[in-house]
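Hello,

Here is the structure I promised to pass on. Please have a look at it first, then read my notes below.

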Amino acid sequence: KLRADSGFWQSFPNVDQFRFTYADDADNFDRITAPGDPITGWTLAYSGAGSGVLYTDGAQAVSTLASNRTVIAQRTDFTATTDDMAAEIEMGTNTQSTWPLDTYIDVWLRQNNTGTLGDDGIRWRMGRTTGVASSLTITLSSFDDGVETVIREWRRLRPARPGEKFRFLAS
């Protein structure tokens with residue numbers, strides 16, 4: 001038998017919590033940038049033989065990229081202080097009825113702050129690949145000196161919808 005007639009609860013004036021420490025940065029693309037002009041706050045590296053650019057329409061980043069043209073956009077003047085990183089994107093409107101073949105959205109974490117964009121880091125890629133016309137492919141990869149190592153790949157049965165959010169964590 002246990003008895004605690006004089007028992008009481010004591011609280012302490014200082015409380016603490018467990019949280020990951022991270023620096024944050026956000027861009028709502030709430031400014032208008034003409035197609036072909038640089039986007040303030042971003043370094044853009046285009047590659048591929050196709051055409052198109054990335055611009056902002058006052059509410060979102062808009063891509064007119066076509067025919068295997070790609071762009072890597074890196075936030076200017078933002079440096080993560082640790083390897084613990086989180087990125088969140090919200091899908092904007094799509095003017096096309098279906099997701100075009102060989103078109104991708106890439107989200108990079110742990111990119112080097114110097115050197116060639118896309119040579120090092122962790123990339124999450126969503127796109128519709130030739131030969132897999134009925135679904136989107138999502139690929140998680142690691143890059144070291146430009147060499148890709150696929151960590152995981154899976155199929156998504158429906159395309160991303162406007163307003164849908166994706167959050168990526170790397171630690």
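Start with Arg152 and Trp154. Arg152 lies over the face of Trp154. The distance to the ring centre is 4.6 Å. Please keep in mind throughout that this is a predicted model.

**The overall layout**

The protein chain has 10 strands and zero helices. Read along the sequence, the pattern is β-β-β-β-β-β-β-β-β-β. The chain holds 171 residues, and buried residues make up 26% of them. Take the contacts between residues at least 6 apart in sequence: 48% of these join residues at least 24 apart.

**The hairpin of S8 and S9**

Strand S8 covers residues 136-144, and strand S9 covers residues 147-156. The two run antiparallel. Nine bridges join them. Within this pairing, Thr137 stands opposite Arg155 in S9. Two residues sit between the strands of the hairpin. Asp145 takes a positive phi there, near 55 degrees.

**Aromatic pairs**

How many aromatic pairs does the count come to? The answer is four. Trp108 and Phe143 form one that is tilted. Their rings are 5.0 Å apart, centre to centre, with 45 degrees between the planes. This pair links distant parts of the chain. Trp108 is in strand S6 (residues 103-109) and Phe143 is in strand S8, 35 residues apart. Trp108 is buried, and so is Phe143.

Trp124 and Phe168 also form a tilted pair. Here the centres are 4.3 Å apart, and the planes are at 45 degrees. Trp124 lies in strand S7 and Phe168 in strand S10 (residues 165-170), so the pair ties together parts that are 44 residues apart in sequence. Trp124 has a relative accessible area of 7%, so it counts as buried. Phe168 is buried as well, at 10%. Trp124 and Phe168 belong to one aromatic cluster with Phe166.

**Salt bridges**

The count comes to seven salt bridges. Three of them are described here, beginning with Asp27 and Arg75. Their side chains meet at 3.3 Å, N to O. Asp27 lies in the segment before strand S1 (42-47) and Arg75 in strand S4 (residues 70-75), so the pair ties together parts that are 48 residues apart in sequence. Is Arg75 buried or partly exposed? Arg75 is partly exposed, because its relative accessible area is 21% and the buried class stops under 20%. Asp27 and Arg75 are also linked with Asp30 and Arg31 in a network of salt bridges.

Next come Arg167 and Glu88. They form a salt bridge in which the closest N and O atoms are 3.5 Å apart. This pair, too, links distant parts of the chain. Arg167 is in strand S10 and Glu88 in strand S5 (residues 85-90), 79 residues apart. Glu88 is partly exposed, with a relative accessible area of 47%.

Then there is Arg123 with Glu148. Their side chains meet in a salt bridge of 3.1 Å, N to O. Arg123 lies in strand S7 and Glu148 in strand S9, so the pair ties together parts that are 25 residues apart in sequence. Side chains of opposite charge can pair when their charged atoms come close.

**A second look at Arg123**

Arg123 deserves its own paragraph. Strand S7, where Arg123 is found, spans residues 121-128. Why does Arg123 count as buried? Its relative accessibility is 8%, and buried means under 20%. Its salt-bridge partner Glu148 is partly exposed, at 38%. The side chains of Arg123 and Glu148 are also joined by a polar contact of 3.1 Å.

Which residues does Arg123 touch, leaving out those up to four places away in sequence? They are Asp106, Val107, Trp108, Thr139, Leu140, Ser141, Phe143 and Glu148. Trp108 and Phe143 on that list are the tilted aromatic pair described above.

**Where to click**

Three places to open:
- Arg123 and Glu148, for the salt bridge of 3.1 Å.
- Trp124, Phe166 and Phe168, for the aromatic cluster.
- Asp145, for the positive phi in the hairpin of S8 and S9.

Best wishes

Conventions:
Residues numbered from 1 in each chain as written. Predicted model: local features only at pLDDT ≥ 70, side-chain atom pairs only at ≥ 80, totals over all residues. Heavy atoms only, no water. Helix = DSSP H or I, 4+ residues; strand = E, 2+ residues; numbered from the N terminus. Polar contact = N/O pair within 3.5 Å; in protein donor to acceptor, adjacent residues only side chain to side chain. Contact = heavy atoms within 4.5 Å. Pairing = 2+ DSSP bridges. Phe/Tyr/Trp six-rings, centres within 6.5 Å; stacked < 30°, edge-to-face > 60°. Buried < 20%, exposed > 50% of the residue type's maximum accessible area, 1.4 Å probe, protein only. Lys NZ or Arg CZ within 6 Å of the ring centre and 35° of its normal. Salt bridge = Lys/Arg side-chain N within 4 Å of Asp/Glu carboxyl O.
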